[in-house]
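Welcome! Here is a short, friendly tour for anyone meeting this protein for the first time. Please keep the view below at hand as you read.

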Amino acid sequence: MVNNIPSLDSWIEIEQDGEPSCPLPSAIDSLKIERFSFDMTNNWSSPRFAFVYGCSADEIQAIIFNKNSRFLNYEGLCKRLWLLIAVEGIAPSSWCELPAETRSHDYVSVFERVFLLERTPSRGIELPVTQMD
């Protein structure tokens, strides 16, 4: 970590990239070090700190059921109707992580296919769906 100390009156930000060479533990997303010549005190802070929330299959199913009611608004307008659930927001509390059992759960939907777009890391996941009539 000594190599990451910035020169006076500058700063450095280290991002967690998941690579073995990353100097940060996997539990830390990023670290910003500011070094000022006019301020010799230490100041530690964690702005917008939060734990990543693990979303359950029941919570995802509730979102799908809520969106199922909108299906009739789109029926007949498109050949196929897919649902995209976006996990978005700028605060860490709006992020979620899908455990393996949530990813593999068989969801019920009127939509032909259901996808979840995760913000961090940015990726789309197709969820298993049994289509209801």
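Which residue in β7 does Ala86 stand opposite? Ala86 faces Leu117 in that strand. Keep in mind that this is a predicted model. The briefing begins with the whole protein, moves on to one sheet, and then visits a few single residues.

**The overall plan**

- The secondary structure of the protein consists of three helices and nine strands.
- Following the sequence from start to end, you meet them in the pattern β-β-β-α-α-β-β-α-β-β-β-β.
- The protein has 133 residues, and 23% of them are buried.
- Of the contacts between residues at least 6 apart in sequence, 51% join residues at least 24 apart.

**A sheet of three strands**

- Strands β4, β7 and β8 form an open sheet in the order β4-β7-β8, with mixed pairing.
- Its edge strands are β4 (82–86) and β8 (123–127), each of which pairs on one side only.
- From one strand to the next, the twist averages 25°.
- Strands β4 and β7 (residues 113–118) run parallel and are joined by five bridges.
- Within this pairing, Leu116 in β7 is the bridge partner of Ile85.
- Helix α1 (residues 57–68) lies across β4, β7 and β8, and runs at about 130° to β4.

**The two faces of β4**

- In a regular strand, side chains alternate between the two faces of the sheet.
- Strand β4 shows this alternation: Leu83 and Ile85 point to one face and are buried.
- Trp82, Leu84 and Ala86 point to the other face and are not buried.
- Why is Trp82 called partly exposed? Trp82 has a relative accessible area of 44%, and the partly exposed class covers values between the buried limit of 20% and the exposed limit of 50%.

**Rings and charges**

- There are two aromatic pairs in the count for this model.
- One of them is formed by Trp82 and Phe115, whose rings are tilted, with 5.4 Å from centre to centre and 45° between the planes.
- This pair links distant parts of the chain, since Trp82 belongs to strand β4 and Phe115 to strand β7, 33 residues apart.
- Trp82 has a charged partner too: the charged end of Arg113 sits over the Trp82 ring, 4.4 Å from the ring centre.
- Elsewhere, Lys32 lies over the face of Trp11, at 4.6 Å from the centre of the ring.

**Asn68, at work in helix α1**

- Asn68 is found in helix α1, and with a relative accessible area of 10% it is buried.
- Its side chain reaches the backbone nitrogen of Val110 at a distance of 3.2 Å.
- Beyond its neighbours within four places in sequence, Asn68 is in contact with Val108, Ser109, Val110, Phe111 and Met132.

**Gln131, in strand β9**

- Gln131 has its place in strand β9, and it counts as partly exposed at 44% relative accessibility.
- A polar atom of the Gln131 side chain lies 3.2 Å from the backbone oxygen of Val110.
- Not counting residues up to four places away in sequence, Gln131 touches Ser109, Val110, Phe111 and Glu112.
- The C-alpha atoms of Gln131 and Arg113 are 8.1 Å apart, although these residues are separated by 18 residues along the chain.
- Val110 thus appears in two of these stories: its backbone nitrogen is reached by Asn68, and its backbone oxygen is approached by Gln131.

**Pro128, in a loop**

- Pro128 sits in the loop between β8 and β9 (129–131).
- Is Pro128 buried or partly exposed? Pro128 is partly exposed, with a relative accessible area of 30%.
- Leaving out residues up to four places away in sequence, Pro128 touches Arg103, Ser104, His105, Asp106 and Tyr107.
- Its C-alpha atom is 7.9 Å from that of Arg113, which is 15 residues away along the chain.

Terms used:
Residues are numbered from 1 along each chain as its sequence is written. This is a predicted model: local features need pLDDT of at least 70, side-chain atom pairs count only at pLDDT 80 or more; totals for chains, interfaces and linings use all residues. Side-chain values use heavy atoms; hydrogens and water are left out. Two strands pair if DSSP finds at least two bridges between them. Helices (H or I, at least four residues) and strands (E, at least two) are DSSP runs, numbered from the N terminus. Axes are lines fitted to C-alpha atoms, for helices over the stretch in contact, and angles run from 0 to 180 degrees between N-to-C directions. Contact means heavy atoms within 4.5 Å. Rings of Phe, Tyr and Trp (its six-membered ring) pair if their centres lie within 6.5 Å; planes under 30 degrees apart count as stacked, over 60 as edge-to-face and the rest as tilted. Buried means under 20% relative accessible area, exposed over 50%, partly exposed in between (1.4 Å probe, protein chains only). A charge sits over a ring if NZ of Lys or CZ of Arg is within 6 Å of the ring centre and within 35 degrees of the ring normal. A polar contact is a pair of N or O atoms within 3.5 Å; within protein, one must be able to donate a hydrogen and the other to accept it, and residues adjacent in sequence count only if both atoms are side-chain atoms.
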